[in-house]
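Work through the exercises below with the sequence and the 3D view open. Each task is followed by a solution in steps.

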Amino acid sequence: METVLFLGFDLHAWITIVTVLGMFTVMLCTKIRSDLVFLASIGILFVTGVLDAKEAFSGFSGTSVITVGVLFVVVAGLTHTGVLQWIVKHLLGQPNSYSKAVMRLMLPVAALSSFLSNTTVVTLFVNIVKIWSKKLGVSPSKLLIPLSYASGMGGVCTLIGTPPNLIISGLYQEKTGDAMNILTTTIPGLFCLAVGVLSVIAMRRLLPSRKTPESAFESTDEYTVELQVPSDNPHIGKTLGEAGLFHVKGGSLIEIYHFDNVPSPVREDEYILGGDHLVYSGQIDEILELKNSHGLVSASQQVFTMSDDNKNRVLRTAYVTFGSKLIGKKLGNFPPKNNISLVAVARRGERLKGAPRDVVLAAGDTLLLEFPARMNMTGAESDPNIKFFDSENIPNIGAGTLISTTIMIAMVALSALGIIPLLQCAFLAAAAMLLFRCCNADQAMKAVNWEILMVFAGSAVLGLAIQKTGIAERLALGILDVCGTNPIVVMVAVCFVGTFITEFISNTAAGAMFFPIMYEAAEELGYEPFPFLVALMISVSSSFATPIGSPTHMLVYGPGGYRFSDFMRIGLLMNFIILAANIFIVNIVYPLTPLP
């Protein structure tokens with residue numbers, strides 16, 4: 001049967017084109033979940049015969065998709081052992097200029113984003129940057145856009161840092177049988193990162209100085225904490241000064257309650273009795289360290305000796321919702337059920353006088369709660385009166401922090417040196433995280449983002465359809481007709497389109513769509529596609545000009561009080577600067593090589 005062509009494409013090619021365009025239109029104009037959109041697109045291509053069953057579902061068994069899924073477990077181990085929090089605490093510091101502040105912020109964020117989810121890193125840093133900016137006397141809007149930019153530029157520095165790198169490297173391996181090294185993009189990525197950091201500093205006048213919208217549930221480090229002295233505490237009989245409980249790092253003792261539950265004068269020579277309640281105000285992490293080092297327990301727990309204190313407990317923060325029935329009431333032992341204990345309370349960064357149990361709740365108050373690690377939180381999380389901050393779990397920093405860091409470093413080193421393939425390294429690292437209890441099975445499964453995996457798998461299938469139907473070859477030939485046969489010009493043209501397409505669609509989808517186009521264009525020119533694809537990896541992750549260009553931009557959009565145009569003012573220039581830096585460095589590190 002003769003194939004009917006229209007404008008050079010057959011029926012299957014037109015079905016693919018309409019499906020891809022329709023998919024992008026739906027994602028741009030509606031709020032339908034992206035994973036459902038990709039799944040529907042795969043279904044259309046399968047039902048219409050564009051792809052057979054094996055091809056339509058090949059993305060779900062692809063090594064790059066499996067690698068991403070396993071890496072979620074590794075990230076869970078790092079998160080729950082406090083690695084990210086430790087880095088934040090020790091790296092930001094107190095710089096004395098805006099330029100130094102940008103560098104102290106962007107470089108650690110980029111380093112973390114090279115191995116962890118960009119959204120995870122930005123979610124952790126958003127509230128911290130808002131508090132940090134106040135200490136520096138800088139508007140948060142001057143630092144939140146650089147925060148988001150750093151996460152994107154850091155992600156391209158390794159194959160595991162961002163999904164497009166994995167999908168492009170996976171497709172390249174399927175085409176050629178050669179696997180890319182995990183550090184393939186490291187040198188080009190670091191160069192672009194350096195250029196990006198310097199560009200942000202140079203163009204800082206283009207960053208807006210906005211007033212952030214008042215957020216009643218804004219995170220804070222300033223808490224009022226009530227602790228209890230167990231009856232077998234070794235400091236009983238000593239004075240507060242002798243026990244080291246009067247002058248404390250990061251806070252101050254504001255009240256002490258003896259057995260009669262009446263506040264006593266806070267004096268350095270006051271004697272400590274079993275069952276005393278000590279109320280501190282200050283930096284939550286420092287006060288919690290004091291709790292551990294001096295054998296104290298949460299005051300709302302009914303304990304009589306230190307052995308009665310359940311060590312297998314975790315901390316989570318929550319805020320009081322607007323319209324909550326708790327507003328206007330005293331906290332007491334909050335909540336009175338589920339074995340959840342109140343550890344501390346804060347109100348928009350201000351220290352509250354008195355014990356947490358005596359605080360009259362207001363909308364947006366931040367609560368630090370302690371509960372059994374194995375407790376089912378479904379009921380508490382569905383409580384309409386409070387809402388938990390999922391991104392602000394406060395893990396106990398200790399041996400697990402060192403173990404999880406060692407596991408991550410070993411995974412990267414073994415893969416980078418070619419000793420063990422990346423997929424096997426990821427499985428071993430995930431197993432080690434579970435074996436050494438850096439995270440438990442429930443935390444590991446909850447960390448897996450199934451929506452991202454669905455989009456990832458769907459993107460690979462769409463790329464296959466674009467290539468199978470000849471669309472990629474036709475587009476590649478079209479680019480060659482316009483740009484001629486100069487390989488640098490062709491590389492720039494495809495990367496330019498890729499950079500601006502990813503301002504409006506998923507960078508994963510952009511990577512899958514442009515892979516076959518770039519690959520075919522390179523082969524038509526007679527050059528090895530490898531350097532072309534490295535340039536493409538960086539391009540499709542370089543979206544700076546619109547807040548919808550990256551999930552991390554949307555994370556900072558509200559907290560920064562930004563307008564849509566704020567991103568365009570600096571972002572358009574950043575797009576061109578990073579594109580130029582990308583093409584320059586890739587062609588130095590990976591010179592163009594003619595095909596044999």
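The model is predicted.

**Exercise 1. Is I160 buried or exposed, and which residues does it touch?**

Step 1. I160 has a relative accessible area of 7%. The cut-off for buried is under 20%, so I160 is buried.

Step 2. Find its place in the chain: I160 sits in the loop between α8 and α9.

Step 3. List its contacts, leaving out residues up to four places away in sequence. I160 then touches L71, S114, F115, L166, I182, M411 and L422.

Step 4. Check a pair of C-alpha atoms. I160 and L183 are separated by 23 residues in sequence and by 9.1 Å in space.

**Exercise 2. Place L166, and state how far it is from T63 in sequence and in space.**

Step 1. L166 belongs to helix α9, which covers residues 163-176.

Step 2. With a relative accessible area of 5%, L166 is buried.

Step 3. Between L166 and T63 the sequence separation is 103 residues, while the C-alpha to C-alpha distance is 9.1 Å.

Step 4. Link this to Exercise 1: L166 is among the residues that I160 touches.

**Exercise 3. How are α6 and α10 oriented to each other, and which residues meet?**

Step 1. Locate the helices: α6 spans residues 98-113 and α10 spans residues 186-202.

Step 2. Their axes come within 10 Å and cross at roughly 150 degrees. Angles over 145 degrees count as roughly antiparallel, and therefore α6 and α10 are roughly antiparallel to each other.

Step 3. Take the handedness: the crossing of α6 past α10 is right-handed.

Step 4. On the α6 side the contact is made by Y98, S99, V102, M103, M106, L107 and A110, and on the α10 side by L193, V197, V200 and I201.

Step 5. Sorted by class, this contact holds 10 nonpolar residues, 1 polar residue and no charged residues.

**Exercise 4. Describe the packing of α8 on α10.**

Step 1. Helix α8 covers residues 141-155, and its axis is 10 Å from that of α10, at an angle of about 170 degrees. That makes the two helices roughly antiparallel.

Step 2. α8 and α10 cross in a right-handed sense.

Step 3. From α8, P146, Y149 and M153 take part; from α10, G189, C192, L193, G196 and V200.

Step 4. The classes here are 6 nonpolar, 2 polar and no charged residues.

Step 5. Compare the two lists for α10. L193 and V200 appear in the contact with α6 and also in the contact with α8.

**Exercise 5. How many disulfides does the structure hold, and where is the nearest cysteine sulfur to C157 and to C439?**

Step 1. The structure holds 0 disulfides.

Step 2. C157 is in no disulfide, and the nearest cysteine sulfur belongs to C192, 8.3 Å away. The cut-off for a disulfide is a pair of sulfur atoms within 2.5 Å.

Step 3. C157 is buried, at a relative accessible area of 3%.

Step 4. C439 is also in no disulfide; its nearest cysteine sulfur, that of C438, is 6.9 Å away.

Step 5. C439 counts as buried, with 3% relative accessibility.

**Exercise 6. Which residues is T19 in contact with, beyond its neighbours within four places in sequence?**

Step 1. T19 lies in helix α1, residues 11-29.

Step 2. T19 has 8% relative accessibility and counts as buried.

Step 3. With those sequence neighbours set aside, T19 is in contact with S41, I44 and L45.

Note on methods:
Residues numbered from 1 in each chain as written. Predicted model: local features only at pLDDT ≥ 70, side-chain atom pairs only at ≥ 80, totals over all residues. Heavy atoms only, no water. Axes fitted to C-alpha atoms, helices over the stretch in contact; angles between N-to-C directions. Helix = DSSP H or I, 4+ residues; strand = E, 2+ residues; numbered from the N terminus. Parallel < 35°, antiparallel > 145°, perpendicular 65-115°, else oblique. Left-handed = near helix turned anticlockwise from the far one by under 90°. Contact = heavy atoms within 4.5 Å. Nonpolar A, V, L, I, M, F, W, Y, C, P; charged D, E, K, R; others polar. Buried < 20%, exposed > 50% of the residue type's maximum accessible area, 1.4 Å probe, protein only.
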